[in-house]
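User: Could you take me through one part of this model in detail, with the cut-offs behind each term? I'd like to see how its pieces fit together.

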Amino acid sequence: MRKISATWIFPGNQPPLKNGILICEDDGTVVDLIDTGGHLREQAGLEQYSGILVPGFVNAHCHLELSHLEGKISEKTGLGEFLGAINKFRNSEAEDQEEAMKHANFQMWNSGIVAVGDVSNSYSSLETKRTSKMHYHTFVEAFGFHPSRAEKAFAFAEFVEAMFREVGLPASVTPHSPYSVSELLFRKIRKKALAENTILTVHNQESQAEIEFFLKGTGPVFQHLSQTLALDISHWEPTGKSSLEFTLSFIPRENPLLLVHNTFTSSEDIEILKQQRNLENTFLVLCPNANLYIEDRLPPVLLFQNEKMNICLGTDSLASNQTLSILNEMITLQKFFPKISLYDLVEWGCWNGAQALGLTDLFGSLKPGKKPGVNLITGVDLKGLKLTEKSKVKKLM
Ligand SMILES: [Zn+2]
């Protein structure tokens with residue numbers, strides 16, 4: 001049994017406790033969370049820390065299989081260039097991929113992450129996930145912009161999904177993005193998702209290029225598809241609407257949906273979202289460090305907060321990030337949006353991610369009976385209750 005106290009305990013989905021005490025079994029199962037009212041008395045066997053205690057983090061968006069692309073792609077070139085580079089490097093140095101995934105998996109675990117929503121195109125990450133101490137939900141990403149690709153792309157995604165499920169790892173087939181999935185493929189994914197009530201995720205409004213492609217059919221996404229990938233895109237007609245509106249027309253209202261990036265999502269888009277979705281099962285996943293890496297732009301976080309959206313955090317992959325650390329995403333948000341409270345950041349990085357992946361029975365809060373992981377964050381401005389650039393995480397359990 002361990003008795004742990006810190007300057008503040010943030011339980012994940014409840015207000016923080018000053019000088020609270022967390023009691024855990026040696027295996028990490030939470031036994032009790034004690035509110036001392038801020039008055040901690042000396043007691044035997046109590047571990048005391050300066051800093052804040054939080055539950056294990058949930059990384060709601062990652063691509064483990066791109067880990068070997070760390071440091072390979074230039075920063076701040078925009079999505080068009082980035083997609084071209086991914087396409088070029090994806091299958092290069094494949095012998096390093098396994099090692100890189102194992103290392104990335106360890107890096108996440110070591111930075112206090114306990115569960116990951118991971119986007120995969122293949123089953124190359126299966127062994128790393130099977131032997132990982134973290135919980136993984138694999139989103140098997142289908143893509144195929146030309147309708148003639150739909151049958152094959154869908155069959156392959158179902159095959160990959162079955163490989164994961166066979167070894168007991170949760171997986172669901174999901175669309176990559178509105179500009180890489182044909183209507184026919186979208187409809188196949190929709191039908192399956194409805195029948196199986198699975199969790200869906202999709203990259204949403206990551207770039208101005210995506211917006212331009214839907215409104216006018218031009219720009220860097222058009223160039224990527226027609227030139228870099230040399231696809232026949234003569235069937236494509238711009239919708240004249242936002243890409244989010246297009247995506248939502250294929251996503252069943254009943255299924256949980258994680259919209260990733262949302263860098264260029266506007267207040268009009270939020271109105272559409274409110275009309276077409278239940279906000280309880282709709283999550284906006286923010287990956288601020290990847291947004292700065294690729295587009296050098298951040299999503300309108302304060303708008304999402306004002307609109308009471310469920311915000312979660314993701315790291316994206318090492319192709320577009322220096323580290324896979326949810327704390328580092330929180331630090332970036334704190335730096336660029338100093339008004340965001342630490343309470344909200346912890347809720348986004350722990351509880352909301354667990355909700356999005358359907359894991360609140362296991363993770364996301366320091367509730368007795370759960371084994372949610374316990375992290376100590378140091379280097380915090382404890383008076384103002386803000387993260388600083390010196391904030392660090394230590395995994396206690
Ligand atoms: Zn991504």
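Analyst: Happy to; here is a walk through a sheet, followed by a helix pair.

This is a predicted model, with local features needing pLDDT of at least 70, side-chain atom pairs counting only at pLDDT 80 or more, and totals for chains, interfaces and linings using all residues. Residues are numbered from 1 along each chain as its sequence is written.

Four strands form an open sheet in the order β10-β11-β12-β13, and their pairing is parallel (strands are DSSP runs of E, at least two residues, and helices runs of H or I, at least four, numbered from the N terminus; pairing needs at least two DSSP bridges). The edges are β10 (200–204) and β13 (310–313); each has a single partner strand, so one side of each lacks a neighbour in the sheet. Within the sheet, neighbouring strands are turned by 30° against each other on average, direction ignored.

Looking closer at one edge, β10 is joined to the parallel strand β11 (residues 257–261) by five bridges. Here His203 sits opposite Val260 of β11.

Helix α13 (residues 342–356) packs on this sheet and touches β11, β12 (282–286) and β13 (contact means backbone-placed C-beta atoms within 7 Å). The direction of α13 makes about 105° with that of β13 (axes are fitted to C-alpha atoms, for helices over the stretch in contact, and angles run from 0 to 180 degrees between N-to-C directions).

As for the helix pair, α1 (residues 79–89) packs with α7 (residues 220–228) at about 30°, the axes lying 8 Å apart. Leu79, Gly80, Leu83, Gly84 and Asn87 of α1 meet Pro220, Val221, Gln223, His224 and Thr228 of α7.

How values were computed
Contact = placed C-beta atoms within 7 Å.
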